[in-house]
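Reader: I would like a close look at one part of this model, with the charged side chains taken up in connection with the strands and the core around them. Could you take me through that part in one continuous account?

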Amino acid sequence: MDIRVGDKLILKKPHPCGSYSWQVLRTGADIRMKCLTCGHEVMLARSNVEKRIKSIERE
């Protein structure tokens, strides 16, 4: 799956703050993302992120 820095990811399940939208900050074996509602940043394994993605919006 082609995930690039700056992409907006829409995930299948919401963050505890209620948001489904995340912005990609870093890519590689792990992907660092920032919640677009509360600003919380997480780093997850690429395989986990790819399973959770509903759609990708390019800028």
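Author: What follows starts with the salt bridges around one aspartate and then moves outward to the sheet and the core.

The model is a predicted one, and the values given here are computed from it. It holds 6 salt bridges, and aspartate 2 is a useful place to begin, since this residue takes part in more than one of the pairs described here. Aspartate 2 forms a salt bridge with arginine 4, where the closest N and O atoms are 2.9 Å apart, and it forms another with arginine 58, where the corresponding distance is 3.6 Å. The pair of aspartate 2 and arginine 58 links distant parts of the chain, for aspartate 2 belongs to the segment before strand E1 (8-11) and arginine 58 to the segment after strand E5 (53-57), with their positions 56 residues apart in the numbering.

How accessible are the partners? Aspartate 2 counts as partly exposed because its relative accessibility is 41%, and arginine 58 likewise counts as partly exposed at 41%. Arginine 4 has a relative accessible area of 44%, so it too is partly exposed.

A further salt bridge is found in helix H1 (residues 46-52), which holds both glutamate 50 and arginine 46, 4 residues apart, or about one turn of the helix. The side chains of glutamate 50 and arginine 46 meet at 3.6 Å, N to O. Glutamate 50 is partly exposed because its relative accessible area is 26%, and arginine 46, at 21% relative accessibility, is also counted as partly exposed. Turning from the helix to the shared partners, salt bridges join Asp2, Arg4, Asp7 and Arg58 into one network.

Within that network, aspartate 7 deserves separate attention. Aspartate 7 is placed in the segment before E1, and it counts as buried because its relative accessibility is 3%, which is under the 20% limit for that class. A polar atom of the aspartate 7 side chain lies 2.9 Å from the backbone nitrogen of arginine 4. When neighbours within four places in sequence are left aside, the residues in contact with aspartate 7 are Asp2, Trp22, Gln23, Val24, Ile56, Glu57 and Arg58.

Those contacts lead to the sheet, which is open, has 5 strands in the order E4-E3-E2-E1-E5, and shows antiparallel pairing. Strand E4 (41-45) and E5 are its edge strands, each pairing on one side only, and the twist from one strand to the next averages 35°. Taking the pairs in turn, E1 and strand E2 (residues 21-26) are antiparallel and pair over 3 bridges, with serine 21 in E2 as the bridge partner of isoleucine 10. E2 and E3 are antiparallel as well and pair over 4 bridges, with cysteine 35 in E3 as the bridge partner of tryptophan 22. In the hairpin of E2 and E3, where 3 residues lie between the strands, glycine 28 takes a positive phi near 155°. E3 and E4, which run antiparallel, are joined by 5 bridges, and methionine 43 in E4 is the bridge partner of arginine 32. The hairpin of E3 and E4 has 5 residues between the strands, and there glycine 39 takes a positive phi near 85°.

The side chains along E3 show how the sheet relates to the core. They alternate, so that Ile31, Met33 and Cys35 point to one face and are buried, whereas Asp30, Arg32 and Lys34 point to the other face and are not. The largest nonpolar core has 10 residues, namely Ile3, Leu9, Leu11, Trp22, Val24, Ile31, Met33, Cys35, Val49 and Ile53. Two or more of its residues come from each of E1, E2 and strand E3 (30-35), and E3 gives the most to this core, with 3 residues. One core member, isoleucine 53, is in contact with Met1, Ile3, Leu9, Ile10, Leu11 and Lys12 once neighbours within four places in sequence are left aside.

To return to the starting point, the network of Asp2, Arg4, Asp7 and Arg58 includes the buried aspartate 7, whose contacts include Trp22 and Val24, and both of these residues belong to the largest nonpolar core.

How values were computed
Residues are numbered from 1 along each chain as its sequence is written. This is a predicted model: local features need pLDDT of at least 70, side-chain atom pairs count only at pLDDT 80 or more; totals for chains, interfaces and linings use all residues. Side-chain values use heavy atoms; hydrogens and water are left out. A salt bridge is a side-chain nitrogen of Lys or Arg within 4 Å of a carboxyl oxygen of Asp or Glu. Buried means under 20% relative accessible area, exposed over 50%, partly exposed in between (1.4 Å probe, protein chains only). Two strands pair if DSSP finds at least two bridges between them. Axes are lines fitted to C-alpha atoms, for helices over the stretch in contact, and angles run from 0 to 180 degrees between N-to-C directions. A nonpolar core is a set of buried Ala, Val, Leu, Ile, Met, Phe, Trp, Tyr and Cys residues joined through side-chain atoms within 4.5 Å. Contact means heavy atoms within 4.5 Å. A polar contact is a pair of N or O atoms within 3.5 Å; within protein, one must be able to donate a hydrogen and the other to accept it, and residues adjacent in sequence count only if both atoms are side-chain atoms.
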